[in-house]
Amino acid sequence: MLTSIFVIAITAEAMSGALAAGRRNMDLFGVALIAFITALGGGTVRDMLLGNYPVTWTQHPSYIYLTIGAGLLTILIARFMQRLNRIFLILDAMGLVAFTIIGCNVALKLGYETPVVIMAGITTGIFGGILRDIMCNRTPQVLRHELYASVSFLVAILYLVLRVLGVSDEINTLICFCFGLTLRLAAIHWKLSLPVFSYSPGRWGD
Amino acid sequence: MLTSIFVIAITAEAMSGALAAGRRNMDLFGVALIAFITALGGGTVRDMLLGNYPVTWTQHPSYIYLTIGAGLLTILIARFMQRLNRIFLILDAMGLVAFTIIGCNVALKLGYETPVVIMAGITTGIFGGILRDIMCNRTPQVLRHELYASVSFLVAILYLVLRVLGVSDEINTLICFCFGLTLRLAAIHWKLSLPVFSYSPGRWGD
Amino acid sequence: MLTSIFVIAITAEAMSGALAAGRRNMDLFGVALIAFITALGGGTVRDMLLGNYPVTWTQHPSYIYLTIGAGLLTILIARFMQRLNRIFLILDAMGLVAFTIIGCNVALKLGYETPVVIMAGITTGIFGGILRDIMCNRTPQVLRHELYASVSFLVAILYLVLRVLGVSDEINTLICFCFGLTLRLAAIHWKLSLPVFSYSPGRWGD
């Protein structure tokens with residue numbers, strides 16, 4: 001189940017990358033590259049942090065084709081994106097949860113301690129979006145808008161707690177999906193967000 | 001041959017990094033660092049992605065001196081850069097081709113599959129420039145202007161096709177250079193570029 | 001001694017990260033993440049460059065709690081930061097020196113050559129701040145203002161020279177601290193900086 005959701009997820013992430021590249025008037029190559037990095041960058045950073053070589057996507061070339069294909073396809077359907085917005089946000093939320101669980105599992109398998117496992121889950125969940133925004137020269141959206149990174153954090157916690165409680169992996173994953181999706185979509189609907197910290201420059205300002 | 005072109009190439013890349021740093025009014029240290037990262041960053045990212053340790057430049061300290069030296073020298077000759085522009089663009093194009101072929105060879109030696117080999121070639125070819133632009137807080141130029149990343153992509157494809165056809169490495173490299181240089185310089189001359197994807201913000205805008 | 005200074009240092013770096021995040025109106029999660037990356041990102045980049053796995057902080061979860069805690073605490077005391085400015089700058093300078101020496105030691109233990117050891121020291125010293133600025137979408141401050149990266153460079157050189165001269169590690173560290181702190185604080189007080197390279201766009205401008 002996780003694998004098929006993963007495939008849906010990297011497609012959705014690739015599309016969000018393509019749209020961000022389009023906002024910066026990139027060429028076809030830029031669109032393809034940003035789509036690829038948005039979809040697979042989170043897992044790549046996780047693998048590099050944990051020393052988990054070979055990096056996952058290098059062993060699954062189909063992911064390369066899929067994300068680049070999804071990115072380029074987005075150009076054709078961009079005009080409908082506004083109307084597809086709701087579906088898109090649901091797919092993106094599914095991706096966030098799937099990425100987080102997968103990231104936790106990778107770190108668990110390598111024997112890392114709990115806090116590192118949580119960091120690995122979050123990294124997989126949100127770093128694709130962060131790399132997308134860095135490459136498109138804007139402040140990472142996932143750290144500013146409605147609950148997003150926090151959903152990844154809470155899903156990681158919930159997954160590990162249920163695991164310690166002996167819940168089977170399938171049921172655990174299912175519960176995490178229900179929880180994560182509900183929370184993320186509720187956050188979008190009611191514009192829930194964490195408190196924001198606003199600070200005006202003193203000494204270190206630019 | 002590839003090695004001597006590589007040396008020319010990292011010099012040219014270091015100079016382009018120094019100029020970008022100068023546009024952001026960086027100090028001498030910043031110029032040296034951006035020059036170094038622009039010249040050797042592509043290969044570094046490739047090595048880290050492929051798990052190719054130790055990273056190449058750590059085994060060739062002379063590359064450190066060369067790129068930093070070229071970066072600092074650029075400050076002295078910056079006023080002539082406008083006039084040297086044509087030579088500079090040719091050196092840069094040579095670097096793009098050399099980096100791409102070297103990147104492919106590293107991935108081939110490590111036994112990666114074809115799509116990963118192509119990604120390794122492109123990463124080596126363009127990621128120095130992408131890191132330069134990220135560090136200088138601008139949208140990566142290589143994804144927006146005349147054919148650049150695409151030249152790297154096509155050179156990687158051509159190199160692998162000729163390799164499968166049994167063409168000797170020397171001749172293969174030579175053909176790739178003729179092709180890549182011609183394509184890149186033609187792109188500059190006739191302002192050839194890929195179609196651009198322009199998308200105006202909806203839900204995910206900043 | 002180096003360890004306790006390291007703990008103080010990552011706290012100070014985490015706080016500088018939190019303030020930068022506040023300037024971009026990030027939410028609590030963003031503040032915590034930027035604090036973590038600013039404090040531990042330099043060492044992480046160093047470990048990934050040198051292939052020094054597992055990455056240091058993954059073996060010391062307490063560093064994760066400490067930096068995130070310091071980041072969030074900064075929100076509460078931000079209003080006093082202006083007044084605490086002097087202490088903060090001293091802690092930051094101590095961190096710069098401690099990070100540099102620790103980075104050199106890691107590379108020395110792995111048997112890298114001298115120029116790579118120096119690069120490892122500088123990377124540990126300044127890359128946290130560079131990642132902070134990249135994530136907050138601004139040009140890296142450490143490459144533009146009063147001597148900062150150069151202090152890291154000179155401390156690394158001094159440390160290696162004294163080491164070759166047979167000075168004991170403790171005394172070496174002490175001398176480097178006196179030198180580095182004095183230089184950095186003098187640079188702040190008298191606004192000492194490296195010459196700046198300003199270049200106006202020609203062909204490669206954006």
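Helices here are DSSP runs of H or I with at least four residues, strands are runs of E with at least two, and both are numbered from the N terminus. What I am showing is a predicted model, in which local features need pLDDT of at least 70, side-chain atom pairs count only at pLDDT 80 or more, and totals for chains, interfaces and linings use all residues. Residues are numbered from 1 along each chain as its sequence is written, chains are lettered from A and ligands numbered from 1 in the order in which they are written, and side-chain values use heavy atoms, with hydrogens and water left out.

Let me begin with a single residue, D27(C), which sits in the loop joining helix 1 (2–23) to helix 2 (28–50) of chain C. Its relative accessibility is 3%, and D27(C) therefore counts as buried, the term meaning under 20% relative accessible area, with exposed over 50% and partly exposed in between, for a 1.4 Å probe and protein chains only. The side chain of D27(C) comes to 3.0 Å from the backbone nitrogen of F29(C), and it also reaches the backbone nitrogen of G30(C), at 2.8 Å. If we set aside neighbours within four places in sequence, D27(C) is in contact, that is, has heavy atoms within 4.5 Å, with L143(A), R144(A), H145(A), L194(A), P195(A) and V196(A).

That brings me to how the chains are related. Chain C is superposed on chain A by a rotation of 120° with 0.0 Å of shift along its axis, at an RMSD of 0.0 Å, where the fit is by least squares on the C-alpha atoms of residues with pLDDT of at least 70 in both copies. This is the relation of a three-fold axis, and within chain C the C-alpha nearest that axis belongs to N137(C), at 3.8 Å. The copies use different surfaces, since 12% of the contact residues of chain C recur in chain A. For chain B laid on chain C, the turn is 120°, the shift along the axis 0.0 Å and the RMSD 0.0 Å, and N137(B) is the residue of chain B that comes closest to the rotation axis, with its C-alpha at 3.8 Å.

Now to the helix packing, for which two packed helices are described by the angle between their axes and the distance between the axes. The axes are lines fitted to C-alpha atoms, for helices over the stretch in contact, and angles run from 0 to 180 degrees between N-to-C directions. Between chains, helix 5 (residues 114–135) of chain A and helix 3 (residues 61–77) of chain C have axes that come within 8 Å and cross at roughly 60°. There P115(A), V116(A) and M119(A) of helix 5 of chain A meet P61(C), I64(C) and Y65(C) of helix 3 of chain C. Inside chain A, helix 2 (residues 28–50) and helix 5 have axes that come within 7 Å and cross at roughly 145°. The residues making this contact include G41(A), G42(A) and G43(A) of helix 2 of chain A, and G128(A) and G129(A) of helix 5 of chain A.

Two residues in chain C are worth a look. T123(C) is in helix 5 (residues 114–135) of chain C, counts as buried at 10% relative accessibility, and touches G42(C), V45(C), R46(C) and L49(C), not counting residues up to four places away in sequence. A14(C), in helix 1 of chain C, counts as buried at 0% relative accessibility, and, with the same residues left out of the count, up to four places away, touches A35(C), A39(C), T67(C), A70(C) and G71(C). A14(C) and R132(C) are 118 residues apart in sequence, yet 9.8 Å apart in space from C-alpha to C-alpha.

Finally, the annotation. An unreviewed UniProt entry places the feature "domain: Glycine transporter" at residues 7–78 and 90–162 of chain A; such positions are given in the numbering used here, feature names are shortened, and annotations may be inferred rather than shown by experiment. In the model, residues 7–78 of chain A are 79% helix and 0% strand, with end C-alpha atoms 20 Å apart, while residues 90–162 of chain A are 77% helix and 0% strand, with end C-alpha atoms 24 Å apart. UniProt also annotates "transmembrane region" on spans of chain A, including residues 114–135, a span that is 100% helix in the model, with end C-alpha atoms 31 Å apart.

Technical notes:
Polar contact = N/O pair within 3.5 Å; in protein donor to acceptor, adjacent residues only side chain to side chain.
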